[in-house]
Amino acid sequence: MERTGTLREGDRRLARRVIAWGPSWPRRGGLAWEEAAEHTELWWAAAGTTAAVGGPRGRRAAVAGVSAMAVAEVLSNGVAKQVFERRRPPREWVPQDALRERPDSSSFPSGHTAAAVAFSGAVAPTWPAAGAACGAAAVLVAAQRVHGGAHYPSDVAAGGAVGLAGTALVRAAPRLLRRRVP
């Protein structure tokens, strides 16, 4: 039990440091990333662009990305957030110029991060360059979730794990379906 308390306290300390870190310009830039990632708009735009310019490979990558994102969203927002009740970091930790309205949902895990990692992870095997670009955007989204005070670092790490699970499920689905169909 003591180890859990130590981990929780370390998570809180790291969150406070990240939230308070740096000048205001990265926070303002992060707000733009947060807006783009809201309701998975960034990933839908990436899917559309990938499908439009990538030919058959781009369409396969887009379908894989959207599918993994959907699975990750169900796992994070539909399952995990319902099981784990966790308050978001206190509003007092966030500078007033960056304080925004935050959802009432559980902080654990980060659904934004889950969607970002799932989309990027599913796109990468089909089109590595597009996956790398999406992966860079996913890292920015995840970092902003902590820097903006919406999540603790462990929420973002768990969101990343959920995103990887969504990717793995989507990648395994065709093989699993072939086993079932005679």
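This is a short walk through the helices, cores, one pocket and a few single residues of a predicted model.

Okay, housekeeping. It's a predicted model, so local features need pLDDT of at least 70 and side-chain atom pairs count only at pLDDT 80 or more, while totals for chains, interfaces and linings use all residues. Residues are numbered from 1 along each chain as its sequence is written, and side-chain values use heavy atoms, with hydrogens and water left out.

So, the overall picture. The protein has 7 helices and 0 strands, where helices are DSSP runs of H or I with at least four residues, strands are runs of E with at least two, and both are numbered from the N terminus. Reading from the N terminus, the order is α-α-α-α-α-α-α. Of the 182 residues, 43% are buried; buried means under 20% relative accessible area, exposed means over 50%, and partly exposed is in between, with a 1.4 Å probe and protein chains only. If you take contacts with a separation of 6 or more, 77% of them join residues 24 or more positions apart, a contact being heavy atoms within 4.5 Å.

Let's go to helix H6, residues 128-147. Its 20 residues should span 28 Å at 1.5 Å a residue, and the end C-alpha atoms are indeed 28 Å apart; the expected span is 1.5 Å times one less than the number of residues. Buried residues in H6 include Ala130, Cys134, Ala137, Ala138 and Val141. An α-helix has 3.6 residues a turn, so residues three or four places apart point the same way. Just past the end of H6, Gly149 has a positive phi of about 85°.

Now, which residues have the most contacts inside the largest nonpolar core? They are Leu42, Trp43, Ala47, Met69, Phe119, Val123 and Cys134, in a core of 18 residues. By nonpolar core I mean a set of buried Ala, Val, Leu, Ile, Met, Phe, Trp, Tyr and Cys residues joined through side-chain atoms within 4.5 Å. Two or more residues come from each of helix H3 (41-53), helix H4 (55-83), helix H5 (111-123) and H6, and H6 gives the most, with 5 residues. Cys134 is a good one to click on: setting aside residues up to four places away in sequence, Cys134 touches Trp43, Ala46, Phe119 and Ser120. There's also a second, separate core of 8 residues, including Ala72, Ala122, Val162 and Val170.

On to H5. Its 13 residues reach 18 Å from the first C-alpha to the last, close to the 18 Å expected at 1.5 Å a residue. Since 11 of those 13 residues are buried, H5 is largely enclosed by the rest of the structure. Val117 sits in H5, but at 21% relative accessibility Val117 counts as partly exposed. Beyond its neighbours within four places in sequence, Val117 contacts Ala138, Gly160, Gly163, Leu164 and Thr167. Val117 and Gly166 are 49 residues apart in sequence, yet their C-alpha atoms are 8.9 Å apart.

A couple of loops next. Thr40 is in the loop between helix H2 (24-37) and H3, and Thr40 is buried, with a relative accessible area of 11%. Outside its neighbours within four places, Thr40 contacts Met69, Glu73 and Ala115.

The loop between H4 and H5 holds Pro89 and also Pro109. Is Pro89 buried or exposed? At 0% relative accessibility, Pro89 counts as buried, and the C-alpha atoms of Pro89 and Ser107 are separated by 8.3 Å. Have a look at the peptide bond from Phe108 to Pro109, too: it is cis, with omega near -10°. Most residues other than glycine have a negative phi, and most peptide bonds are trans.

Last stop, the second largest pocket, with a volume of about 180 Å³. A pocket here is an open set of points on a 1 Å grid over the protein atoms alone where a 1.4 Å probe fits, with protein on both sides within 12 Å along at least five of seven lines, and lining residues have an atom within 4 Å of a point. Grid points are joined across faces, edges and corners, and the volume is the space filled by probe spheres set on the points. The pocket has 10 lining residues, and the closest to its centre are Arg87, Arg88, Pro103, Asp104 and Ser105. The lining divides into 1 nonpolar, 2 polar and 7 charged, counting Ala, Val, Leu, Ile, Met, Phe, Trp, Tyr, Cys and Pro as nonpolar, Asp, Glu, Lys and Arg as charged, and the others, Gly among them, as polar.
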